[in-house]
Amino acid sequence: MSGAIAVTGMTKRYKAVTAVDDLSFVVEPGVVTGFLGPNGAGKTTTLRVILGLVAPSAGRALIEGRRYAELAHPRRVVGAVLETGGFHSGRRGRDHLRILARSGGIAGSRVDEVLERVGLTESAHRRVGGYSLGMRQRLGLAGALLGDPGVLVLDEPANGLDPAGMAQLRDLLRGLAGEGRTVLVSSHVLSEVAQTVDRVVIVSGGALRYAGTLKELTGARGETLEAAFLRLTSNPTTTPRAGAATARTRG
C-alpha cells in the first residue's frame, strides 16, 4: 500500500495574517508521523489545505501525487478526522456509519469491521447523543477507516480518551502504519505522542521548525519530546534546524 502526503512551498494568508509560511514536508507510508505545534501555529490550516477544504495562497499539498479534489474515490484513499462534531445526536452509531458507507459507495460489511477495530461494537446500538467525547472520537475514527484508506489524517484523535483508550489508539495507529499506511497525527498530548510516533513535523508561527525522526530530535541533547518542542517553538523567529525544510518523514 502506497501513498505519501507532500506539502511543497505552502503559504496561506487570510488578508493581513499569514497562517502558513512557505511550508514544505513529506510524510511517507509505514510510520506514524506526529504533526506538532502550539496553538495558532498553522497546523489546522495545513491539514485543511491537505484535505482540500481550504485553497492555499501559494504552493500545494498532494496525496499520492494528486490534490484531494483530483482523487477519483477520496474516501478510499484518505480517511480524516478533523473534529468530533458533525454527528446527528439522535442517530445510532452503527446507522451513522451505514450512511457514510452508502454515500461513499463502500460495502456495508465494512461498518461492523471498523466498529470492532475502534472498540465500539458494544455501543454501536446507542444514540450518538449519549456518547462521551472519547466515544465520539472513536466513531469519527471508525468513519475515517470505512474506505480502508492508505492515508490517514487525524487531528487530536486522543482528545477525550481515558488511559485505556489512549493505549488502544496507540496500538491501532502503530498497527495501521505497520500495514504500510501513511499516518499523520496532530496532537497536543506530547507524552502520548512520544510513545506513538516514529517521526515528527514541528511548526511554529506558520513555519517549519523540524522534520525528522523522534530519536534524532530527542537523542542529540538527551531531551524529552516536551523539552525539544518547547525549545523549538519558544521563539518563532528562530532559524529552523538546518535541512528541516526539505526533510522527508520516511521510515
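**Helix H3 and its packing partners**

Reader: Which residues in H5 do Gly93, His96, Leu97 and Leu100 of H3 meet?
Author: Happy to help! This is a predicted model in which local features need pLDDT of at least 70 and side-chain atom pairs count only at pLDDT 80 or more, while totals for chains, interfaces and linings use all residues. Residues are numbered from 1 along each chain as its sequence is written, and side-chain values use heavy atoms, leaving out hydrogens and water. With helices taken as DSSP runs (H or I, at least four residues, numbered from the N terminus) and contact as heavy atoms within 4.5 Å, those four H3 residues meet Leu139, Ala142 and Gly143.

Reader: How are H3 and H5 oriented, roughly parallel or roughly antiparallel?
Author: The axes of H3 (residues 93-103) and H5 (residues 133-145) come within 10 Å and cross at roughly 25°. Since angles under 35 degrees count as roughly parallel and over 145 as roughly antiparallel, that crossing makes the pair roughly parallel.

Reader: Are Gly93, Arg94, His96, Leu97, Leu100 and Ala101 on the same side of H3 or on opposite sides?
Author: These six residues are buried, meaning under 20% relative accessible area with a 1.4 Å probe and protein chains only. They cover an arc of only 160° around the axis, taken from the directions to the C-beta atoms. That arc therefore puts them on the same side.

Reader: Which residues are exposed on the other side of H3?
Author: The buried residues pack against H2 (74-77), H4 (109-117) and H5. Across the helix, the exposed residues (over 50% relative accessible area) are Arg102 and Ser103.

Note on methods: Axes fitted to C-alpha atoms, helices over the stretch in contact; angles between N-to-C directions. Helix = DSSP H or I, 4+ residues; strand = E, 2+ residues; numbered from the N terminus. Parallel < 35°, antiparallel > 145°, perpendicular 65-115°, else oblique.
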